[in-house]
Amino acid sequence: MISINNLSYFLGDRILYEDASLFITPKDRIGLIGLNGTGKSTLLKMLVGEVTPTKGEISKSKESTIGFLNQDLLSYQSDEPIVDVAMQAFQETIKIGHEIDHILKKMETDYTDDLVDKLAKLQDRFQTLDGYSIKAKAEEILEGIGFTTEDLERPLREFSGGWRMRVMLAKLLLEKPSLLMLDEPTNHLDLPSIKWIENYLQNYEGAYIIVSHDRRFLNSCVNKVVEVSGYQLNVYAGNYDKYIEEKELRNEIQQNAYENQQQKIRQTERFIERFKAKASKAKQAQSRMKQLEKMERIDAVVDDNSQINFKFNFSTKSGRHVKKLTDISKSYGDLKILEHANGHIERGDKVALIGANGKGKSTLLRIIAGTEKHEGKVEEGHNVIPTFFAQHQLEALRIENEIIEELKQAGSKKTEMELRGVLGCFLFTDDDVFKKIKVLSGGEKSRVALAKTLISEANFLLLDEPTNHLDILSVNILIQALQQYEGTLLLVSHDRDFLSQVATKIWWIEDHEIKEYPGTYDEFEWWWDNKKEKKPVAASNGSAREKPAKDKAEKPRLNEPEKEIQKEIDQLEEKILKLEEEIEKLEKELAAPETFSDTAKAEKINNRYQSKKSELDRVNEQWEKLVDKV
């Protein structure tokens with residue numbers, strides 16, 4: 001269908017592609033991946049003709065059509081209702097419909113055989129194009145990606161950029177091009193819409209290319225991965241997980257070949273050095289030198305899944321209770337977001353706030369951050385130091401600053417060497433740290449803003465869509481950083497792989513209240529799917545706990561034996577917290593330099609440490625048994 005042959009593209013002195021090739025067949029479902037700045041979006045623009053290759057050719061079959069969803073569409077404006085904008089996909093059908101209307105009106109005063117004949121032909125064509133159902137199709141897709149029935153007649157201009165992008169996505173899906181190209185589509189979709197798109201794409205009749213950092217989305221939708229690296233388009237069969245397996249195998253083979261070649265190079269160089277001055281061996285030395293010059297060098301493997309080991313410390317530990325929300329209500333005019341809602345965040349919680357757009361996730365995040373007016377009470381715990389990351393933080397970066405200077409001004413009191421270590425974790429190495437903010441891409445700015453957030457020494461992080469505009473490697477780095485983070489965090493994200501690896505508790509807004517599931521995202525998803533099917537299932541530690549409803553009749557009542565058990569559970573939880581604090585204190589004493597020089601003291605502290613650990617295990621076991629009883 002489409003053939004890319006010996007493609008090269010140079011951006012000034014910078015090489016994006018060099019003699020790259022790829023063949024796209026009619027049933028290919030391609031995930032296009034690679035680091036930010038390697039040229040993924042540029043390749044899509046070359047395929048659609050917006051950018052001309054420096055060298056090489058792109059050949060397309062005559063009948064192939066291409067639809068491209070890119071970030072430039074965010075600026076598109078129109079006063080037409082969104083259903084009409086989406087229906088622009090059916091231009092020929094709409095044109096025939098207008099002609100039919102015009103003839104019918106004309107026939108009211110000028111009824112001729114020619115007009116009747118023309119009308120019959122147009123109506124046949126209109127029916128062949130399924131013209132009577134195009135509005136229903138447009139409505140189905142728009143509602144599938146998150147619009148309400150009431151939204152459909154609202155002008156496009158009234159919607160934000162992300163929602164306008166959804167309208168353009170609906171228009172593309174209705175066009176059904178033979179090659180559909182989607183550049184980071186999940187950045188503008190909520191979880192229900194992402195799942196809808198997944199189901200739609202799985203049944204799509206043509207080929208498509210998706211640029212995405214969402215691993216689970218790629219796993220669900222693609223049957224081929226094309227990685228942009230080394231100026232080439234490297235093809236892997238299968239979904240993203242298969243790509244990881246295959247790449248590990250390829251890397252192992254390449255690394256072995258690289259090491260063997262390096263050994264051969266070292267041996268050859270030693271031979272040349274040893275014999276180049278000897279007349280009897282000079283000819284051989286010259287021959288070996290020519291061999292080295294002609295040798296096609298094998299590159300060492302660059303690990304795209306490198307592990308980071310940077311501890312994001314904070315000087316002040318918060319109290320047990322970080323945030324307590326009591327009787328919170330919030331409305332925008334007639335739109336009710338929260339009504340008498342309650343919520344509680346404890347130290348160490350890693351809470352993911354999920355759900356469809358428009359349910360109030362970002363509003364709740366701002367209420368907790370203290371930047372949104374509301375009714376009710378938000379109590380902040382002892383020694384809580386919060387920091388808030390959202391996409392608008394990118395605009396707050398000082399564009400004339402160098403990256404290293406921007407981090408110095410974050411107020412973390414870290415040395416330049418420590419800051420360079422942090423930036424290295426976020427893929428800014430060597431002279432990269434001296435780049436000015438104004439020359440960075442959107443993904444690079446996101447990494448700088450996240451690095452600033454994580455070095456702020458805050459013990460409570462609020463993160464609004466932190467993975468937007470990050471490539472997969474950067475998302476992996478963020479996951480590792482947040483897994484190592486010892487404080488408390490609340491985040492909003494639609495990236496399910498990210499959520500499943502970071503969150504330990506799930507919040508969502510339902511019936512204007514905050515609901516809670518005490519487990520990971522994968523556990524929640526399994527529980528939720530079974531709940532929808534009305535199957536009675538147990539949650540990760542007993543049941544899915546929901547915050548108390550306003551109506552007391554819905555609140556479960558405990559009998560006397562259960563009340564006694566609950567009282568014991570509360571006492572054990574207090575004991576667990578105290579033991580954990582004592583163990584942490586003993587760990588610090590064991591790590592202190594003065595302990596190493598005093599063997600007797602170290603042995604004494606270690607005995608206390610082991611005793612407390614054993615006691616904690618016993619108490620945890622008791623707690624689990626009591627929870628199972630409840």
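## Strand 1 with its partners, and the surroundings of S500

In the hairpin formed by strand 1 and strand 2, where two residues lie between the strands, G12 adopts a positive phi near 65 degrees. The model discussed here is a predicted one, and the description turns to the pairing around this hairpin before moving to a serine in a helix.

Strand 1 and strand 2 (residues 14-24) run antiparallel and are joined by seven bridges, and within this pairing F10 has I15 in strand 2 as its bridge partner. Strand 1, which covers residues 2-11, also pairs with strand 4 (residues 55-60), again in the antiparallel sense, through five bridges; here S3 stands opposite S59 of strand 4.

The second site is S500, which belongs to helix 17, a helix covering residues 496-502. Is the residue buried or exposed? S500 has a relative accessible area of 17%, and because this value is under the 20% cut-off the residue counts as buried.

The polar partners reached by the side chain of S500 are set out below.

| Group on S500 | Partner | Distance |
|---|---|---|
| S500 side chain | R216 side chain | 3.4 Å |
| S500 side chain | D497 backbone oxygen | 2.8 Å |

When residues up to four places away in sequence are not counted, S500 touches R216, Y521 and D522. R216 is therefore listed among the residues that S500 touches, and its side chain also makes the polar contact with the side chain of S500 at 3.4 Å.

Key. Residues are numbered from 1 along each chain as its sequence is written. This is a predicted model: local features need pLDDT of at least 70, side-chain atom pairs count only at pLDDT 80 or more; totals for chains, interfaces and linings use all residues. Side-chain values use heavy atoms; hydrogens and water are left out. Helices (H or I, at least four residues) and strands (E, at least two) are DSSP runs, numbered from the N terminus. Buried means under 20% relative accessible area, exposed over 50%, partly exposed in between (1.4 Å probe, protein chains only). A polar contact is a pair of N or O atoms within 3.5 Å; within protein, one must be able to donate a hydrogen and the other to accept it, and residues adjacent in sequence count only if both atoms are side-chain atoms. Contact means heavy atoms within 4.5 Å. Two strands pair if DSSP finds at least two bridges between them.
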